[in-house]
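Please open the model in a viewer and keep the selection tool at hand. The tour below proceeds stop by stop, stating at each one what to select and what is found there.

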Amino acid sequence: MSEIKHIKGLKALAPLFLFIALYLSCAIVAKDFYKLPVTVSFLIASVCAIMMTTGESIEKRISIFTEGAGQKSLLQMVWIFILAGAFAASAKAMGSVDATVYFILSILPAKFILAGLFLSACIISLAIGTSVGTIIALVPIASGLSHVLGVDEPLMLGIVIGGAFFGDNLSFISDTTIAATSSQGCSMKDKFKVNSLIVVPAAVCILIIYTILGHGLEKPAELPGFNYVHLIPYFVVIFMALRGINVMIVLIAGIVFSGVLGFFAQSYDLYGWFATLGVGMKSMGELIIVTMLAGGLLAVIKYNGGIHYIIAILTKFIKGKRGAELSIGLLVSFVNVCTANNTVAIITVGNIAKQISKKFDIDSRKSASILDTFSCATQGMLPYGAQILMAADLTNVSPIEIVGYTYYPISIALMALLSIFVRYPKKYS
């Protein structure tokens, strides 16, 4: 193993292990995942990472952390979170969420609502190529449906998150697809063919499960009336997203529509709307802090050689194609745990995965599919990942509670492992 700069081996990853240990142990001891906020866990781990970095001045160490926290991609996500909070609060205040919930209940049999919600999330995410955009659009509706139907709210959020990762994994315009195919040197169309053979069976199975789970659901005897005008903000957001318009433009349009329609419906006055927007933006505070702390923590871990160590360990004992494919999957998953960002994880290990593929004659379409599927599966199960934290912030549900219901990410992880061990699809294995 080559020399690792400054800190060797597991010591470089100690802050990450500290974060996980703190977060989980405190929750288990207290039997409450809110006792130790995830922001505090990240702060303690970040301070530890900075203090463990030797050979540099404190100013230099803080600079490394700050540059990681202020990456362009992270700041773009922060803007999305701020706009998402503002839109969600504005739309809810003017009655858009309730109207959309009652509209869905009026046109869809109750027993098909769980399956219909999952299918909707799959279609929307496939069209817009972003899990975050899908979650912004559907989580408030899913939350409203859960209260009306008496279904566990974490289950409804898990349905949306699962469907959101269907498109994040498969869409031609998803950043994970672009990162995976460009790093492995294959076309998006070919990667889609291989990837769909792995994950579509999982999606069908999950759709059947949700159909079974929803079989006993019943609508309320009488549904409250609703104004069709109140449906417009969400329909505008979904329509614009399906047209491929930038998610920030979509959210701004949603905010404007909900504001204007809210004035006409007398849901709030100008200052009331401003106050609502402010409350919505503040609700995203924890998510923004976690995103930036995670970015800074990764930067320090990477500087100290932690990512290099992971790559070296996971590629040291490869034997044969199965071992090579499994190492690619484990590699991107572990880096995803460190970064809490599936796209960054793919970019980080993409070149290493390409080298492994060449050495062991792995089809580039299969390696791209493994990278994308494992990263999306891992991201969909991370309680401190942006998608689950956003769903939690929009609904005040514990991220850990949601993780227990992320059936689709779990299922594609199992399907990806199965595809490696049984050499499936055979044409590409």
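**Stop 1: Lys 191 and Asp 372**

The model shown here is predicted. Begin by selecting Lys 191 and Asp 372, both of which are buried. The two side chains form a salt bridge, in which the closest N and O atoms are 2.6 Å apart. Lys 191 belongs to helix 10 (residues 188-213) and Asp 372 to helix 18, so this pair ties together parts that are 181 residues apart in sequence. How many salt bridges does the structure hold? The structure holds 4 of them.

**Stop 2: Lys 366 and Glu 325**

Next, select Lys 366 and Glu 325, which form a salt bridge with the closest N and O atoms 3.3 Å apart. Lys 366 lies in helix 18 and Glu 325 in helix 16, so the pair ties together parts that are 41 residues apart in sequence. Are these two residues buried or exposed? Lys 366 has a relative accessible area of 0% and is therefore buried, as the cut-off for that class is under 20%. Glu 325 is likewise buried, because its relative accessibility is 1%.

Now add Arg 423 to the selection: salt bridges with shared partners join Glu 325, Lys 366 and Arg 423 into one network.

**Stop 3: helices 16 and 18**

Display helix 16 (residues 320-339) and helix 18 (residues 364-379) as ribbons. Two packed helices are described by the angle between their axes and by the distance between those axes. Here the angle is about 35° and the axes are 8 Å apart. Which hand does the crossing have? Helix 16 passes helix 18 in a right-handed crossing. To see the contact itself, show the side chains of Glu 325, Ile 328, Gly 329, Val 332, Ser 333, Asn 336 and Val 337 on helix 16. On helix 18, the contact is made by Lys 366, Ser 367, Ile 370, Leu 371, Phe 374, Ser 375, Thr 378 and Gln 379. Glu 325 and Lys 366, the salt-bridged pair of the previous stop, thus appear again among the residues of this contact.

**Stop 4: Ala 368**

Remain on helix 18 and select Ala 368, which lies in this helix. Ala 368 counts as buried because its relative accessibility is 0%. What is Ala 368 in contact with, apart from its neighbours within four places in sequence? The contacts are Ala 180, Thr 181, Gln 184, Cys 186 and Lys 191. Of these residues, Lys 191 was seen at the opening stop as the salt-bridge partner of Asp 372. For a distance across the model, draw a line from Ala 368 to Arg 61: the two are 307 residues apart in sequence and 35 Å apart in space, C-alpha to C-alpha.

**Stop 5: Asp 361, Asp 363 and Arg 365**

Move to the loop between helix 17 (342-359) and helix 18, where Asp 361 lies. Asp 361 is not a glycine, yet it has a positive phi of about 55°. Its relative accessible area of 59% places Asp 361 in the exposed class, because that class begins over 50%. Then select Asp 363 and Arg 365, whose side chains meet in a salt bridge of 2.7 Å, N to O. Arg 365 is partly exposed, with a relative accessible area of 23%.

**Stop 6: Asn 396 and Pro 425**

Asn 396 is located in the loop between helix 19 (386-395) and helix 20 (399-403). This residue also has a positive phi, of about 60°, although it is not a glycine. Asn 396 counts as exposed, at 70% relative accessibility.

Proceed to Pro 425, in the segment after helix 21 (407-421). A cis peptide bond joins Tyr 424 and Pro 425, with omega at about -10°.

**Stop 7: a surface patch and Ile 209**

Switch to a surface representation and select Ile 245, Ile 249, Ile 252, Val 256, Val 260 and Phe 264. Together they form a nonpolar patch on the surface, with about 550 Å² of accessible area. One of them, Val 260, sits in helix 12 (residues 247-264) and is partly exposed, with a relative accessible area of 39%.

Finish on helix 10 with Ile 209, which counts as partly exposed at 36% relative accessibility. Ile 209 and Ala 99 are 110 residues apart in sequence and 28 Å apart in space, C-alpha to C-alpha.

How values were computed:
Residues are numbered from 1 along each chain as its sequence is written. This is a predicted model: local features need pLDDT of at least 70, side-chain atom pairs count only at pLDDT 80 or more; totals for chains, interfaces and linings use all residues. Side-chain values use heavy atoms; hydrogens and water are left out. Patches are made of residues with over 30% relative accessible area and no salt bridge: like charges are joined within 9 Å, nonpolar side chains (Val, Leu, Ile, Met, Phe, Trp, Tyr) within 5 Å. Accessible areas come from the Shrake-Rupley method with a 1.4 Å probe; for residues, only the protein chains shown count as cover. Helices (H or I, at least four residues) and strands (E, at least two) are DSSP runs, numbered from the N terminus. Buried means under 20% relative accessible area, exposed over 50%, partly exposed in between (1.4 Å probe, protein chains only). Axes are lines fitted to C-alpha atoms, for helices over the stretch in contact, and angles run from 0 to 180 degrees between N-to-C directions. A crossing is left-handed if the near helix is turned anticlockwise from the far one by less than a right angle, and right-handed if clockwise. Contact means heavy atoms within 4.5 Å.
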